[in-house]
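Open the model in your viewer and keep the selection tool at hand. The stops below go one after another.

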Amino acid sequence: LDRVIVASVLPRMLLLAVLPAALALPAARSHSARTAPAPLLRGLVSMGRGVGSARGPVSSEVARIWKKQTQGASRCVAELSRTSAYASRFHAAPTGKPGQVLEEGDNVVVMGALDPTGREIIRLLQEDGRYQISTLLNPNVLGGFRNRYGAINAVDASNAENAKKLLLDASAVIMSFEKPADTDTLRYLLGYSAEGETALKRFVLLSKVGVTRKGQFGMAFFKNLLGKELDKYSDLEELLQKGADALKVDYTVVRSGNLRLGPDTFMNPDSLAVAEEQLFETTKKKVVLSKSDETDGDSSRTDVAEAIVESLLRRPEAANKIFSVLNEKGSKDAWDGLFAGI
């Protein structure tokens with residue numbers, strides 16, 4: 001029995017111990033070198049994170065793409081480090097144009113376009129049809145993404161000049177990674193706007209509920225013990241507010257609960273997990289927006305994506321606001337009434 005345990009369990013334990021370090025290896029570099037962050041390149045192909053139910057296995061196609069994401073990451077970072085000079089500190093001079101709403105034809109850059117929430121955001125923007133949609137992706141997944149989203153301007157993240165041109169032309173950036181990115185990624189996305197006159201009007205960040213309660217004994221405290229996820233989101237929120245203030249651009253932070261449902265939910269082979277998601281979809285249709293961070297819970301990816309797109313395209317009152325999106329039992333109200341409460 002001991003030999004069986006060692007043979008079957010020990011390799012998995014070693015894999016779990018070594019894999020995080022292996023994925024983080026491309027990111028190891030001097031901060032003063034001002035390279036483009038490796039977490040950006042890894043995050044651009046994070047389809048393998050949270051697809052469908054959080055408890056369900058990912059498909060073989062997703063696993064294949066997830067494996068390919070780290071191939072060539074070091075080369076991408078090296079290329080960006082030679083040509084990119086993203087700002088490590090924000091310039092004091094105001095460069096943006098605060099208080100402006102998006103106009104037809106403006107360019108919206110969606111970061112995290114391969115995550116389920118990002119794909120929902122892209123779907124909603126495509127349905128609206130008034131704006132250019134762009135994203136930055138690792139070259140290993142560009143071909144597959146372009147085959148699926150031919151109308152989306154997908155730019156090679158390893159081509160620093162093209163990435164810079166895209167970010168300088170962006171009127172809005174939506175950072176919708178389902179796992180917290182490194183703060184260097186946020187500095188990179190805002191840094192080009194700090195170099196001079198910027199087209200950027202709004203920056204939207206997907207965050208998590210519990211950020212303000214991570215130091216208090218309770219659910220948020222225990223969630224933050226492993227991985228320090230809420231600490232990372234707190235750092236991102238703080239950095240975004242300071243950066244947006246320095247650049248004189250508007251920001252919005254949308255905090256979600258545990259993300260549920262999504263484009264691949266019902267492709268999950270785990271029938272029990274699918275049944276749980278179906279029950280959630282049919283019973284918890286009510287959407288609650290709140291400025292306070294007092295409640296934990298679940299959030300539908302579709303409702304989170306709709307709240308992000310609503311706040312960006314049709315809700316100027318959501319500028320420079322932080323609010324949460326949670327689902328409860330009941331029916332869904334109109335967005336006019338929901339946003340009136342914040």
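Start by selecting Val 204, and look across to strand 6, where Thr 252 stands opposite Val 204. What you have open is a predicted model.

Now widen the selection to residues 202-208, which are strand 5, and residues 250-256, which are strand 6. These two strands run parallel and are joined by 7 bridges. As background, strands of a sheet pair through backbone hydrogen bonds, either parallel or antiparallel.

Next, show the whole sheet. It is open, has 8 strands and follows the order 3-2-1-4-5-6-10-8, with mixed pairing. Where are the edge strands? Select 153-156 for strand 3 and 286-290 for strand 8; each of these pairs on one side only. On average, neighbouring strands of this sheet are turned by 20 degrees against each other, direction ignored.

Stay with the sheet and add residues 116-128, which form helix 5. Helix 5 lies across strand 1 (107-111), strand 2 (132-137), strand 4 (172-175) and strand 5. Its direction is at about 160 degrees to strand 1.

Inside strand 1, pick Val 109. Is Val 109 buried or exposed? Its relative accessibility is 0%, so Val 109 counts as buried. Leaving aside neighbours within four places in sequence, Val 109 is in contact with residues including Ser 134, Leu 166, Ala 170 and Val 173. Then measure from Val 109 to Ile 152: the C-alpha atoms are 9.8 Å apart in space, while the two residues are 43 apart in sequence.

The next stop is a pair of helices. Select residues 183-191 for helix 8 and residues 229-247 for helix 10. Their axes come within 10 Å and cross at roughly 20 degrees. Angles under 35 degrees count as roughly parallel, so helix 8 is roughly parallel to helix 10. The crossing is right-handed. Show the side chains at the contact: helix 8 gives Thr 183, Leu 186, Arg 187 and Leu 190, and among the residues from helix 10 are Asp 235, Leu 239 and Gly 243.

Finish with the nonpolar cores. The largest has 40 residues, and Val 108, Phe 145 and Leu 289 have the most contacts inside it. Helix 12 (residues 301-313) gives the most to this core, with 7 residues. Apart from it lies another core, of 32 residues, which includes Val 109, Ala 157, Leu 230 and Ile 322.

Last, select Phe 145. Not counting residues up to four places away in sequence, Phe 145 touches Ala 113, Leu 114, Ile 122, Thr 135, Leu 137, Ile 152 and Ala 154.

Key. Residues are numbered from 1 along each chain as its sequence is written. This is a predicted model: local features need pLDDT of at least 70, side-chain atom pairs count only at pLDDT 80 or more; totals for chains, interfaces and linings use all residues. Side-chain values use heavy atoms; hydrogens and water are left out. A nonpolar core is a set of buried Ala, Val, Leu, Ile, Met, Phe, Trp, Tyr and Cys residues joined through side-chain atoms within 4.5 Å. Buried means under 20% relative accessible area, exposed over 50%, partly exposed in between (1.4 Å probe, protein chains only). Helices (H or I, at least four residues) and strands (E, at least two) are DSSP runs, numbered from the N terminus. Contact means heavy atoms within 4.5 Å. Two strands pair if DSSP finds at least two bridges between them. Axes are lines fitted to C-alpha atoms, for helices over the stretch in contact, and angles run from 0 to 180 degrees between N-to-C directions. Angles under 35 degrees count as roughly parallel, over 145 as roughly antiparallel, 65 to 115 as roughly perpendicular and the rest as oblique. A crossing is left-handed if the near helix is turned anticlockwise from the far one by less than a right angle, and right-handed if clockwise.
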